[in-house]
Amino acid sequence: MKNQDKISLGLERVKKWLYAKGLDERSSGCVLCGSCYGHGPANPMEDAPGPKEKCPPYEFYRFQRHTPKSRWLMAQRVFHGLDPITPELKEVIYACTTCLQCQELCGVRDDGYGPWEITVAMREEITAKEGPIDAHRPIYDGLQQHDHPFALAKSQRGGWAQGLGLKQLGGLRASTLLFAGCSADRTSGRGSARALAGIMQKAGEDFVILGDEEKCCGLYAFDLGFRRDYERLRVANLATMSAGGIKKIVVACGSCLRIWREYAKLDDLGFQAFHGVEYVDQLINAGRLKFTKPTNRRVTYHDSCHLGRGAGVYDAPRRILGAIPGVELVEMARNRRWAWCCGGGGGVPEADPALAEWSACDRMAEAKATDAELMLTTSALCQRSFMELKQPALAVQDLLEFVHQAL
């Protein structure tokens, strides 16, 4: 694992994509094609380029500077010393929701990432030189002081599991862990964590939780540019898994799964991480979970950016809904890898709440147009985005809760 003093961060970390000179692995920078925000030629390798709308901040502001390619070029100019870090630059850099949609079409980045990751590196640069922006200071302080983005002290964590009779890892060793996520002790994530625990109990799974010992996976640190905190949390979490002998992690939040799979890109983990819907899908296939009572509901499913584009999980939620008697799934026009962002990621609800609300409203209107009576999703960030709308057009529920109620 990496030494904390030798972490590569900021624009130096992505310099091969910034026309840096003298590098053996120097790659091309942005070629200005415009595909990343839907206003240029599609990647020639792309068979289904999807709808025209690709980038939430661009569609909201309708200015070129709010496109992935412009953020890439801004980072390039800062890297080469041509431009300083200004309030205007920060306004653009922190409007990215890290929805990951630009990576679906970028023909330059061939390493599994997209233009959004240049934006994240620019955030790392800003944090290293000036500290976090004011809107993100509470998240930064929460991670520094409590290993928790919402600043919940250890004594305040783990309440989501109260009354369920779950075992805590502590000094024990176990093979399966339920990782609840930081939102489990908030309204947006409590239901999914409790539902997942109930499903695992119903299936006869022998598992443990971390309870008040659970640290943040590092999602906010990763996306907001707190690279050192991300690396610190990654090392700590992997050490906990190793000490506990964990072989399988089942995660309640789609955003957490994206980060656990990010860990796997750097380390031989020795365990596998699954989202709860993948776990449920496996249970159904193995005959360990069966739905017998009809659930006569017309539903639509919102692919969260992080579980979908971030972790590649699209089919499992749909197979689950197909296995529940009486459920009719109606798809939104933009679905799977082209699903529209709820606006809840990248620290945008804190830094640019108007953009976050607009994106959530746009997605909610699309869900309403299906004539469904319920929208299901799989991420606490999405739950929060839709729940905080002043006048939500449709009821929203986590898919794991829906599954648990159908058993």
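This is a short tour of one sheet, one helix pair and one cavity in a predicted model.

**Stop 1: the sheet.** Select strands 6, 7, 8 and 9. They form an open sheet in the order 7-6-8-9, with parallel pairing. Look at the edges. Strand 7 (327-329) and strand 9 (395-398) stand there, each with a single partner strand, so one side of each has no neighbour in the sheet. From one strand to the next, the twist averages 35°.

Now zoom in on strand 8 (residues 374-377) and strand 9. Four bridges join this parallel pair. Pick Leu374: its bridge partner in strand 9 is Ala395.

**Stop 2: helix 15 on the sheet.** Add helix 15. This helix packs on the sheet and touches strand 6 (297-301), strand 7, strand 8 and strand 9. The direction of helix 15 makes about 80° with that of strand 9.

**Stop 3: helix 10 against helix 15.** Select residues 276-286 for helix 10 and 399-406 for helix 15. Their axes lie 10 Å apart, at an angle of about 35°. The crossing is left-handed. Which residues of helix 10 meet helix 15? Show Gly276, Val277 and Val280; they meet Leu399, Leu400 and Val403. By class, this contact has five nonpolar residues, one polar and no charged.

**Stop 4: the largest cavity.** The structure holds seven cavities of 30 Å³ or more. The largest has a volume of about 100 Å³. To find its centre, select Cys182, Ser183, Leu219, Cys256 and Leu381, the closest of the 15 lining residues. Then colour helix 7 (219-224), helix 9 (254-263) and helix 14 (380-387): each gives two or more residues to the lining. The lining has 12 nonpolar residues, three polar and no charged.

Terms used: Residues numbered from 1 in each chain as written. Predicted model: local features only at pLDDT ≥ 70, side-chain atom pairs only at ≥ 80, totals over all residues. Heavy atoms only, no water. 1 Å grid on protein atoms, 1.4 Å probe; cavity = no way out; pocket = protein on both sides within 12 Å on 5 of 7 lines; lining within 4 Å. Points joined across faces, edges and corners; volume = space filled by probe spheres on them. Nonpolar A, V, L, I, M, F, W, Y, C, P; charged D, E, K, R; others polar. Axes fitted to C-alpha atoms, helices over the stretch in contact; angles between N-to-C directions. Left-handed = near helix turned anticlockwise from the far one by under 90°. Contact = heavy atoms within 4.5 Å. Pairing = 2+ DSSP bridges.
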